[in-house]
Every structure is written in C-alpha cells, then in structure tokens.
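The exercises below are intended for a reader who is new to this structure. Please attempt each task before reading the solution that follows.

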Amino acid sequence: MPHIIITGGSSGIGLEIARIYYNRGYRVSLIARRLELLVEAAREIAGTGFAENRSVYFASADVSDELALTTAIRAAEERQGPCDVLVASAGRVDPQAFEEQSVSVFEAQLSVNFMGCVHAVRAVLQGMKKRGNGRIMLVSSGAALLGIPGYSAYCASKSALSAFGESLRLEVAKAGVAVSVSFPPDTMTPQYEKEVPLRPEPARRLMGTVAPWPAEKVADRIVKGIDRGAAQLHFGAALTLLSYFSAFIKPVLYWRLQRSQS
C-alpha cells in the first residue's frame, strides 16, 4: 500500500486530502501540532476503530521545529513504509498591519508557512530520490500572487514557498520526483473562520467579496493535480489570470485600492 504524509492534516484542506487518499487505499500519516485534533481527525477518517487501524497514523509536531518534524516523519515511515506522497499544507495566518505586528508573530508565520514545508521536504526527499519515485505538493496560497495590506508576513511566506517549489522541481526532475505548488483561494476551514474577522478593511477592498471554496472541493482539485504531476495548480479564473498576467493586473488593482483610500 502506498503511503502519504500530510502536514497540517488535522483539519481543513489537509484533512480532506487525507480522506480522499484513505478511500483510495493509501496508508495515511497526519502530522500537526495539536494532539486532540489529530485524534479527532483520525477518528473521522477511519471510524471508531482508528486505534487498531494501521492505515492511519498520526504524530504531534510543530512543523517549524525541524528536529521534531523530522522525528515525526521518521516514525511515520517506520510504521507505514516509505513516503510516496508528501503534502505540505500546515499554515498560519495572522492579519495585522506590519508596524503593529510583533516580530515574534511575523516570524512565526514565516517559520510555519515556509520553513515548515522546507523541513518536511528535507525529511523525505533523499528517500524519494533513492527510490526514483515520489510526489510532493506544496500548498501555497492565492495570497502568494499579490501583496495584500495586513498580510505582509503571510504573502511573503507563501511567495517564498512558490519560488522554493519551482527551484526544487527543476533540481529533482530527472530523479523521478514530481514537485507541485498549489495556490488555493479563500477556503472554508477553521483557520479561515478565525482569520476573516481580523481582516483589515484595505485587504477586504482589494480581495473583494468572493465566497470561500469548500475545503473538500479544494482538496479534490489538489489531489487531481498531484495525480498528473502539475507544476502549478490554480483555482478559478481570477487567480489563474492573476498568475499568468500579474504584471498587467496588479497595477490596476493597487491603483483602485489607493484611489478608494484617498
């Protein structure tokens, strides 16, 4: 049975991806920070007998802690077998104006959103290359495609993740490892529900009032992107156009925002 490891797999997009792969017959390993959510997620996926079900494994680790995350991934591979698919979806967002946000909160977003993914990739990449097979999906964000007021740390971290994924994909292309980056839109997750009330008004004006996507719909598209080894995965016409024509679209968006604030 193939094995998928998902960071940030205890809720939201990660949990929905885990559900899809479990139903495909994969061994699933979930890694997240909060143990109680991991237990609940495992029960959701495998039912009440999850403790005896060797197809679902979970480990508590902070992805920004390289040693803790590497230890958790090693334990998952010892239990479930080598990692065939890695989905790095752990994320954190704390909307706030740059000058008002503490250094610790700013750096925490960079550590989780960017370095957390880097640590996860580092833990599985060598094994994938040795076997000549593997798939890696880095879950970035539509926020990587433009600057959003109040989201300086989040946008920076997700943009960095996109560039990392592009570089890595070129490095390992001949080793049999496929690297993909996805750019989900606003998605109905527990994190989104906490974030939206804190979203600054300029960000609301720039981003508009588009309804969030259901997490299961985003997860389904991500899984299909992994299946075909897509280099980049976009969601909806607006984000797709922004990705390919940002040099023309962003100046207009920024001009409209500045005009509305004058």
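**Exercise 1: Charged pairs**

R92 has a relative accessible area of 29% and is therefore partly exposed. The model is a predicted one.

Task: Determine which residue forms a salt bridge with R92, and state how far apart the closest N and O atoms are.

Solution. Step 1: The partner is D94, and the closest N and O atoms of the pair are 2.6 Å apart. Step 2: A salt bridge requires a distance within 4 Å, and the pair of D94 and R92 is accepted as one. Step 3: D94 is partly exposed, its relative accessible area being 23%. Step 4: In the structure there are twelve salt bridges.

**Exercise 2: A link between helices**

Task: Identify which parts of the chain are tied together by the salt bridge between R19 and E44.

Solution. Step 1: The side chains of R19 and E44 meet at 3.2 Å, N to O. Step 2: R19 belongs to helix 1 and E44 to helix 2 (residues 35-46), so the pair ties together parts that are 25 residues apart in sequence. Step 3: R19 counts as partly exposed at 23% relative accessibility, and E44 counts as partly exposed at 40%. Step 4: E16 joins R19 and E44 in a network of salt bridges.

**Exercise 3: A pair within one helix**

Task: State by how much of a helical turn E201 and R205 are separated.

Solution. Step 1: Both residues lie in helix 7 (residues 201-207), four residues apart, so the separation is about one helical turn. Step 2: Their side chains meet in a salt bridge at 3.9 Å, N to O. Step 3: E201 is partly exposed at 43% relative accessibility, and R205 is partly exposed at 38%.

**Exercise 4: Strand 2 and its neighbours**

Task: Decide whether strand 2 is largely enclosed by the rest of the structure, and describe which strands pair with strand 2.

Solution. Step 1: Of the six residues of strand 2 (residues 27-32), five are buried, so the strand is largely enclosed by the rest of the structure. Step 2: Strand 1 (residues 3-7) pairs with strand 2 in the parallel sense over five bridges; H3 has R27 of strand 2 as its bridge partner. Step 3: Between these two strands the chain passes through helix 1 (residues 12-23), and the β-α-β crossover is right-handed. Step 4: Strand 3 (residues 56-60) also pairs with strand 2 in the parallel sense, over five bridges, and Y57 in strand 3 stands opposite S29.

**Exercise 5: The nonpolar cores**

Task: State how many residues the largest nonpolar core has, and which helix gives the most to this core.

Solution. Step 1: The largest core has 45 residues, and I73, L86, I136, L138 and I148 are those with the most contacts inside it. Step 2: Helix 4 (residues 103-131) gives the most, with eight residues. Step 3: A second, separate core has 29 residues, including I13, V56, M137 and I226. Step 4: Beyond four places in sequence, the residues that I136 touches include L86, V121, L125 and M128.

**Exercise 6: The setting of T187**

Task: Establish whether T187 is buried or exposed, and what surrounds T187.

Solution. Step 1: T187 has a relative accessible area of 6%; the cut-off for buried is under 20%, so T187 is buried. Step 2: T187 is located in strand 7 (residues 187-188). Step 3: A polar atom of the T187 side chain lies 2.8 Å from the backbone oxygen of P185. Step 4: Apart from neighbours within four places in sequence, the contacts of T187 include I13, Y192, W213 and V218.

Definitions and conventions
Residues are numbered from 1 along each chain as its sequence is written. This is a predicted model: local features need pLDDT of at least 70, side-chain atom pairs count only at pLDDT 80 or more; totals for chains, interfaces and linings use all residues. Side-chain values use heavy atoms; hydrogens and water are left out. A nonpolar core is a set of buried Ala, Val, Leu, Ile, Met, Phe, Trp, Tyr and Cys residues joined through side-chain atoms within 4.5 Å. Buried means under 20% relative accessible area, exposed over 50%, partly exposed in between (1.4 Å probe, protein chains only). Contact means heavy atoms within 4.5 Å. Two strands pair if DSSP finds at least two bridges between them. A crossover is right-handed if, with the strands pointing away from the viewer, the path from the first strand over the helix to the second runs clockwise. A polar contact is a pair of N or O atoms within 3.5 Å; within protein, one must be able to donate a hydrogen and the other to accept it, and residues adjacent in sequence count only if both atoms are side-chain atoms.
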